[in-house]
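The following exercises are meant to be worked through with the sequence and the model in view. Each task is followed by a stepwise solution.

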Amino acid sequence: MALSVDSAKWLTEVVVKGLQQVADVLSFIGIFYVGKVTLTVVWDLTSALRVHVWSKLVSRDLAREYGGKWAVVTGASDGIGKGYAAALAKKGMNVMLISRTQEKLEKVAQDIRGQYGVETEIMQVDFALGRPIYEDIGKHLAGKEIGILVNNVGVIGSGPCFFEDMVDDDLWALINVNTASVPAMTKLVLPGMLARKKGAIINISSIGGQMSVPLLQVYCATKSFVNRFSEVLDFEYRSSGITVQNIIPSAVSTNMTRFDPLIHTEGLLTPNPNTFAAHALSTLGYARYTTGYWTHGIQSWLYEKAPSSLLAYAYMWRFMAVSTLKKSN
């Protein structure tokens, strides 16, 4: 009887000791995890403050910093491109505006000269035409010290649709404008930047390039290309004095988002293009990969945590509802 009691007592002590050891290990893991999460959050907040707050407080001479007094902006007659042109001119840079509509280009150039007193040049180009246009662009850029290139030009086509319903003109415009223009324009300005060992290439992508958005399949794919190209280009030329920045915005209140009133309406989550561009330009040199706007950074973080399939279904339902509403009207 005594032996049974002693055995039971010994077994209990062994079990309790074992559980205590397990508890100690779990406590250590818990402390380690909480510490890691805390450090990550603190680091992310510190980085965000540096990129989105501190960067706006620093006075900068972009022409001196990036080795050229000229900035080239594609898609400069509207939206984000027009906003970037104004923001660059405000910093004292001359701007070359390249876009499709001559009248709009002339108006933007006139407004920028009148407001900021810088030189402007314009070039009417339809990027949807593809390869043949770049020889002429190269001639216009020759002899200019280009400090900053903003690869902004982009299209979304006729709006969200199933791939089978996409017209061929939209398909090739998306490829030529959104995808081909980025490496083609970069190829034109990069030699001069390398010769001066200074320069900045800003590629305007989209949060759609990080997601699988039904009914915007080709648009998302073209922006995914921009993301990957920017990342690799940055690695190749970082040591050569060239800054490659990839801007990945969420919705901005431009003509491109007009197809959906929910994401087009200006507000806290949807800035106007001038506000967005001024904020995004201030992040140049502080972040090589950024949404460009602080609320878009929060959106991007939330999208990363959400199940991708849930987001895909939500967007498809939304765009189908918008399409149905337009047809009924």
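A residue counts as buried under 20% relative accessible area, as exposed over 50%, and as partly exposed in between (1.4 Å probe, protein chains only). The model is predicted, so local features need pLDDT of at least 70 and side-chain atom pairs count only at pLDDT 80 or more, while totals for chains, interfaces and linings use all residues. Residues are numbered from 1 along each chain as its sequence is written, and side-chain values use heavy atoms, with hydrogens and water left out.

**Exercise 1. Positive phi angles**

Task: Determine whether leucine 215 and lysine 197 are buried or exposed.

Solution.
Step 1. Leucine 215 is not a glycine, yet its phi is positive, about 75°. It is located in the loop between β5 and α7 (217–237); helices (H or I, at least four residues) and strands (E, at least two) are DSSP runs, numbered from the N terminus.
Step 2. The relative accessible area of leucine 215 is 7%, so this residue is buried.
Step 3. Lysine 197, in the loop between α6 (168–196) and β5 (199–204), also has a positive phi, near 60°. Its relative accessibility is 61%, and lysine 197 is therefore exposed.

**Exercise 2. The sheet**

Task: State which strands stand at the edges of the sheet.

Solution.
Step 1. Two strands pair if DSSP finds at least two bridges between them.
Step 2. Seven strands form an open sheet with parallel pairing, in the order β3-β2-β1-β4-β5-β6-β7.
Step 3. The edges are β3 (120–124) and β7 (289–290); each has a single partner strand, so one side of each lacks a neighbour in the sheet.
Step 4. At β3, five bridges connect the strand to β2 (residues 94–99), and the two run parallel. Valine 95 has threonine 120 in β3 as its bridge partner.

**Exercise 3. A salt-bridge network**

Task: Identify which residues salt bridges with shared partners join to Asp234.

Solution.
Step 1. A salt bridge requires a side-chain nitrogen of Lys or Arg within 4 Å of a carboxyl oxygen of Asp or Glu. The structure holds eight of them.
Step 2. Aspartate 234 meets arginine 238 at 2.4 Å, N to O. With a relative accessible area of 6%, aspartate 234 is buried, whereas arginine 238, at 39%, is partly exposed.
Step 3. Aspartate 234 also forms a salt bridge with arginine 288, with 2.6 Å between the closest N and O atoms. Arginine 288 lies in the loop between α9 (273–282) and β7, and aspartate 234 in helix α7, so this pair ties together parts 54 residues apart in sequence.
Step 4. Through shared partners, Asp234, Arg238 and Arg288 are thus joined into one network.
Step 5. Arginine 238 has a further contact: it lies over the face of phenylalanine 235, 5.2 Å from the ring centre. The criterion is NZ of Lys or CZ of Arg within 6 Å of the ring centre and within 35 degrees of the ring normal.

**Exercise 4. Aromatic pairs**

Task: Classify the pair of phenylalanine 127 and tyrosine 134.

Solution.
Step 1. Rings of Phe, Tyr and Trp (its six-membered ring) pair if their centres lie within 6.5 Å; planes under 30 degrees apart are stacked, over 60 edge-to-face, and the rest tilted. This rule gives five aromatic pairs.
Step 2. The ring centres of phenylalanine 127 and tyrosine 134 are 6.2 Å apart and the planes stand at 55°, so the pair is tilted. Both residues, phenylalanine 127 and tyrosine 134, are buried.
Step 3. For comparison, phenylalanine 259 and phenylalanine 319 are edge-to-face, at 5.5 Å centre to centre and 65° between the planes.
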